[in-house]
Amino acid sequence: MALRKIVVQGDECLTKKCRVVTDFNARLHMLLDDMAETLVDSGGVGLAAPQVGVLRRVCVVMNEDDEIIELINPEIIATEGEQTGLEGCLSVPGKYGIVTRPYIVRVRAQDRNGDYFEVEDEGLTARCFCHEIEHLDGHLFVEHTDRLLSGEELEEFIRQQEEEDE
């Protein structure tokens, strides 16, 4: 396993539609392992292959139990409800915006061996499914927000969230 360099906004890799994975081989397994290691090292909760310069329909998402879910050729097949909250991206470092996403998301994907499965989650993990799958089509979260928050606004938003959680 190895850490991969995360590309940042402005790199054309982040604007391209990724190709479907058809070969479930050792190269794919190495990509998945490297992406998981890179995700954990970065402190993020999701990482898509184009963020490490690979134009394939692959992403990894860390759920709220700190388990990494590998999604190959993922498709959102059902959504329910709505949540609005803070969103950031490893490829847009230090920038955050308020984004509305579905509250519950069901995804159909393949695992590292090519077997199909479905996974459903809510809250942050559901937000992450949407965010990472959009990367595979060349989109960034900044397209969903009218503006990015300043440092002061970010601190205020976090403070308000902490007060609501008390």
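Trainee: In which strand does arginine 108 lie?
Mentor: This is a predicted model. Strands are numbered from the N terminus. Arginine 108 lies in strand β6.

Trainee: Is arginine 108 buried, partly exposed or exposed?
Mentor: Buried would need under 20% relative accessible area, and exposed over 50%. Arginine 108 has 32%. That value falls in between, so arginine 108 is partly exposed.

Trainee: Which residues does arginine 108 contact, leaving aside neighbours within four places in sequence?
Mentor: Contact means heavy atoms within 4.5 Å. By that rule the partners of arginine 108 include Asn73, Pro74, Glu75 and Ile77. The others on the list are Tyr116, Phe117 and Glu118.

Trainee: How far apart are the C-alpha atoms of arginine 108 and glycine 151?
Mentor: Along the chain, arginine 108 and glycine 151 are 43 residues apart. In space, their C-alpha atoms are separated by 37 Å.

Trainee: Asn73 is one of the contacts of arginine 108. What is the phi of asparagine 73?
Mentor: Asparagine 73 is found in strand β3. Its relative accessible area is 12%, so asparagine 73 is buried. It is not a glycine, yet its phi is positive, at about 55 degrees.

Trainee: Where is aspartate 66, another residue with positive phi?
Mentor: Aspartate 66 is not a glycine either, and its phi is near 60 degrees. Its relative accessibility is 60%, so it counts as exposed. Its place is in the loop between β2 and β3.

Trainee: Which residues gather with Asp66 in a patch of negative charge on the surface?
Mentor: Patch members need over 30% relative accessible area and no salt bridge. Aspartate 66 has a relative accessible area of 60%. Gathered with Asp66 are Glu64, Asp65, Glu67 and Glu122.

Trainee: Is valine 119 buried or exposed?
Mentor: Valine 119 has its place in strand β7, residues 116-122. Its relative accessibility is 17%, and the cut-off for buried is under 20%. Valine 119 therefore counts as buried.

Trainee: What does valine 119 touch, not counting residues up to four places away in sequence?
Mentor: Its C-alpha atom is 10 Å from that of glutamate 70, which is 49 residues away along the chain. Among the residues touched by valine 119 are Ile69, Leu71 and Phe129. The list also holds Val105, Arg106 and Val107.

Trainee: Arg106 touches valine 119. What is the closest N to O distance in the salt bridge between arginine 106 and glutamate 118?
Mentor: Arginine 106 is partly exposed at 27% relative accessibility, and glutamate 118 is partly exposed at 40%. A salt bridge needs a side-chain nitrogen within 4 Å of a carboxyl oxygen. Here the closest N and O atoms are apart by 2.8 Å.

Trainee: Which strands hold arginine 106 and glutamate 118?
Mentor: The two residues form a salt bridge. They are twelve residues apart in sequence, so the pair ties together separate parts: strands β6 and β7.

Trainee: Which residue forms a salt bridge with aspartate 34?
Mentor: Aspartate 34 has 5% relative accessibility, so it counts as buried. Its partner is partly exposed at 26%. The closest N and O atoms are 3.0 Å apart, and the partner is arginine 4.

Trainee: How far apart in sequence are aspartate 137 and arginine 57?
Mentor: Aspartate 137 forms a salt bridge with arginine 57. The pair links distant parts of the chain: aspartate 137 is in the loop between α2 and α3, and arginine 57 is in the loop between β1 and β2. The separation is 80 residues.

Trainee: Which of aspartate 137 and arginine 57 is buried?
Mentor: Buried means under 20% relative accessible area. Aspartate 137 has 27%, so it is partly exposed. At 10%, the buried residue is arginine 57.

Trainee: How many salt bridges are there?
Mentor: The rule is a Lys or Arg side-chain nitrogen within 4 Å of an Asp or Glu carboxyl oxygen. By this rule the count of salt bridges is 14.

Trainee: How far apart in space are leucine 86 and isoleucine 98, C-alpha to C-alpha?
Mentor: Leucine 86 is found in strand β4 and is partly exposed at 27%. It touches Ile98, and also residues including Tyr96, Arg127 and Phe157. Leucine 86 and isoleucine 98 are twelve residues apart in sequence, and in space 4.7 Å.

Notes. Residues numbered from 1 in each chain as written. Predicted model: local features only at pLDDT ≥ 70, side-chain atom pairs only at ≥ 80, totals over all residues. Heavy atoms only, no water. Patch = residues over 30% accessible without salt bridge, like charges linked within 9 Å, V, L, I, M, F, W, Y side chains within 5 Å. Areas by Shrake-Rupley, 256 points an atom, 1.4 Å probe, with all protein chains shown as cover. Lys, Arg positive; Asp, Glu negative; His and termini not counted. Charge placed at Lys NZ, Arg CZ, Asp CG, Glu CD. Buried < 20%, exposed > 50% of the residue type's maximum accessible area, 1.4 Å probe, protein only. Helix = DSSP H or I, 4+ residues; strand = E, 2+ residues; numbered from the N terminus.
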